[in-house]
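Colleague: I'm new to this one. Could you walk me through how to read its features?

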Amino acid sequence: MRLSQYPINTVKETPSEAEVISHQLMLRAGMIRRVAAGIYSWLPLGLRALRKVEGIVREEMNRAGAFELLMPAIQPAELWQESGRWAEYGPELLRLKDRHQRDFVFGPTHEEVITDIARREIKSYRQLPVNFYQIQLKFRDEVRPRFGVMRAREFIMKDAYSFHVDERSLAEGYAAMRAAYTRMFQRMGLNFRTVQADTGAIGGSASEEFQVLAASGEDAIAISDADDFAANVELAPALPPTAPRAPPAEPLARIPTPGAHTIEQLSTLLGIPASRCLKTLIVAGDDGTPVALLLRGDHDLNAVKAQKLPGIANPLRMASAAAVQAATGSRPGSVGPIGLTGVRVYADHAALAMADFVCGANVEDQHFTGTNWGRDLPAPAAADLRNVVAGDPSPSGNGRLQIVRGIEVGHIFQLGCKYSAAMNATVLDEAGNPTQMLMGCYGIGVTRIVAAAIEQNHDQRGIIWPDPIAPFTVYLVALNLQKSPRVRAAAEALYAELGAAGVEVLYDDRDARPGVKFADAELLGIPHRVIVGERGLEAGTLEYRHRRSTDSVDVPQQAALEFIRSRLQFASPV
């Protein structure tokens, strides 16, 4: 492709609307353009990278034995009402009416549609297992779309759904998809981890995420420094302390704490670490009765863990100020567990290991010091309520946890009978009796992968594409070709030779200064750059540089194709 004819407009300045590096670079490189909040057009250069990702995904899904189909983006409300998700999904589900006032949704996912297909088409256990997939546009009405295509409202997703006759088959199908996903991301040249995850709105009994590791990632991931344990922080268990609780050493005392309504304010006022303060949070119960959650002051509540406990509303929400006042006699900020009656109480394991701690006195601007379990108040029910932190023991039993950031690009689920039971999707078993099919669900954010790859592969000058998903493989630069027939002839010959060999070349044949061409080459991030210049031709050489390298090498002009092929084969910087 000749750059002089290619519809690319690069931008020097960083767009003010872009918060993360992938959004900045995709706009600057002319890959995408914003149409509306969370909705983007993919321009030719960006689409080439997107199609590379799609191609790898499609090849590995086909290799794993899945069948590609295409389902409608617009789905009738009746299917969602049948599954129960019409009422459950929430405002992210874009609902619309046709001219006859019939309800539809713009599909954020396709469990209902594929289950409807399966119950119509699959009649016998002999037709199982089977896996269907599609690569298709989705829409989720994010309350705050941001980070470009990383958290857009409209996006392209590969979603697959498998159907099985028993748990063993489901486990085998899940493992096959896990292996296929691993191959996909390895082929794309991405640094990723497979992590245990919460099933969320999709549902099911087990799930894992595929996280591309990047400092800008939205997700916090806990990984062991001694083995391959990895889990999203929202799911990672925080193990109870193994050391025994210290015996009481201080008397219980009530003290004034004017203006100290947060843990930070309290620890500053008393000159003690937050770890010696007890945090009392009042959340809504599933029957309207508030529930108290107790944590060590330096720990953060894990909403996913908390909302799974008996008696707590799901999704988790804090109780209103009026409800807190009615339940405790105090406003939030001075609430504590001593004398708390008529309220269900859960305490995190680490909170129950505290001794001589500070807690609210349920009186405005007053707290207790020297508080101890057993002596001053009974120990409540123990629960894992907190996010793990760096240095916690790994749940695997090996090593300590580290917290890294990741971008979720894939998620696989064992759904079980969640949808087949609700929608009566059955087959006849060996005995001729109807049995509900078990399901697996496997998603990949195709558009997000492009952005995640950039977040992981860039420098201050621009994008650094991994070879397999680069929009072009070679960036051919001709210097001053308008003034040098020799340079033009050599560049044209190499361009034709590379094209005939099947190498995808972006040929910078513009009438532009060398500095402009080099800046665009760095910004666009094509992995392999070849420079044709008058000085090199005098010596019978061309100049080659890998995008990750800071040094160039001279290549004999007559051996250029052979050299470039060797670079593409090994895909490594010089």
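Modeller: Sure, let's begin with pockets. A pocket is an open set of grid points with protein on both sides within 12 Å along at least five of seven lines. Keep in mind that what we have here is a predicted model.

Colleague: Okay. What volume does the second largest pocket have?

Modeller: About 320 Å³. Its lining is made by 19 residues, and those closest to the centre are His261, Thr280, Leu281, Pro332 and Gly333. Helix 7 (263-270) and strand 14 (278-283) are the elements that give two or more residues to that lining.

Colleague: Which element gives the most to the lining of the second largest pocket?

Modeller: Strand 14, with 5 residues. By class, the lining of this pocket splits into 11 nonpolar, 7 polar and 1 charged.

Colleague: What about space that is closed off? How do I find that?

Modeller: Rolling a probe the size of a water molecule over the atoms shows where empty space is left. If the probe fits somewhere but cannot get out, that is a cavity. This structure has 2 cavities of 30 Å³ or more.

Colleague: Which residues line the largest cavity?

Modeller: Tyr475, Ala521, Glu522, Ile526, Arg529, Arg545, His546 and Arg547 do. The space inside comes to about 60 Å³. Helix 14 (514-524) and strand 29 (541-546) are the elements that give two or more residues to this lining. In terms of class, the largest cavity has 3 nonpolar, 1 polar and 4 charged residues around it.

Colleague: And how much space lies in the second largest cavity?

Modeller: About 30 Å³. Around the second largest cavity you'll find Val530, Leu542, Glu543, Tyr544, Val555, Ala560, Phe563 and Ile564. Strand 29 turns up again here: strand 29 and helix 16 (560-570) each supply at least two of the lining residues. The class count for the second largest cavity is 7 nonpolar, no polar and 1 charged.

Colleague: Strand 29 keeps coming up. How should I read the sheet it belongs to?

Modeller: Strands of a sheet pair through backbone hydrogen bonds, either parallel or antiparallel. In this case, 5 strands make an open sheet with mixed pairing, in the order 27-26-28-29-30. At the edges sit strand 27 (505-508) and strand 30 (553-556), each of which pairs on one side only. On average, neighbouring strands are turned by 25° against each other, ignoring direction.

Colleague: In which sense do strand 26 and strand 27 pair, parallel or antiparallel?

Modeller: Parallel, over 4 bridges, with strand 26 covering residues 474-478. To see one of the bridges, look at valine 474, whose partner in strand 27 is valine 505.

Colleague: Which strands does helix 14 lie across?

Modeller: Strand 26, strand 27, strand 28 (528-532) and strand 29, and helix 14 runs at about 175° to strand 26.

Colleague: Last topic: helix packing. At what angle do helix 1 and helix 12 pack?

Modeller: At about 105°, and their axes are 8 Å apart; helix 1 is residues 21-28 and helix 12 is residues 446-456. Angles of 65 to 115 degrees count as roughly perpendicular, so helix 1 and helix 12 are roughly perpendicular to each other.

Colleague: Which residues make the contact between helix 1 and helix 12?

Modeller: From helix 1, Ile21, Ser22, Leu25 and Met26; from helix 12, Val450, Ala451, Ile454 and Glu455. Sorted by class, the contact of helix 1 with helix 12 holds 6 nonpolar, 1 polar and 1 charged.

Technical notes:
Residues are numbered from 1 along each chain as its sequence is written. This is a predicted model: local features need pLDDT of at least 70, side-chain atom pairs count only at pLDDT 80 or more; totals for chains, interfaces and linings use all residues. Side-chain values use heavy atoms; hydrogens and water are left out. On a 1 Å grid over the protein atoms alone, a cavity is a set of points where a 1.4 Å probe fits but cannot get out, and a pocket is an open set with protein on both sides within 12 Å along at least five of seven lines; lining residues have an atom within 4 Å of a point. Grid points are joined across faces, edges and corners, and a volume is the space filled by probe spheres set on the points. Ala, Val, Leu, Ile, Met, Phe, Trp, Tyr, Cys and Pro count as nonpolar, Asp, Glu, Lys and Arg as charged, and the others, Gly among them, as polar. Axes are lines fitted to C-alpha atoms, for helices over the stretch in contact, and angles run from 0 to 180 degrees between N-to-C directions. Angles under 35 degrees count as roughly parallel, over 145 as roughly antiparallel, 65 to 115 as roughly perpendicular and the rest as oblique. Contact means heavy atoms within 4.5 Å. Two strands pair if DSSP finds at least two bridges between them.
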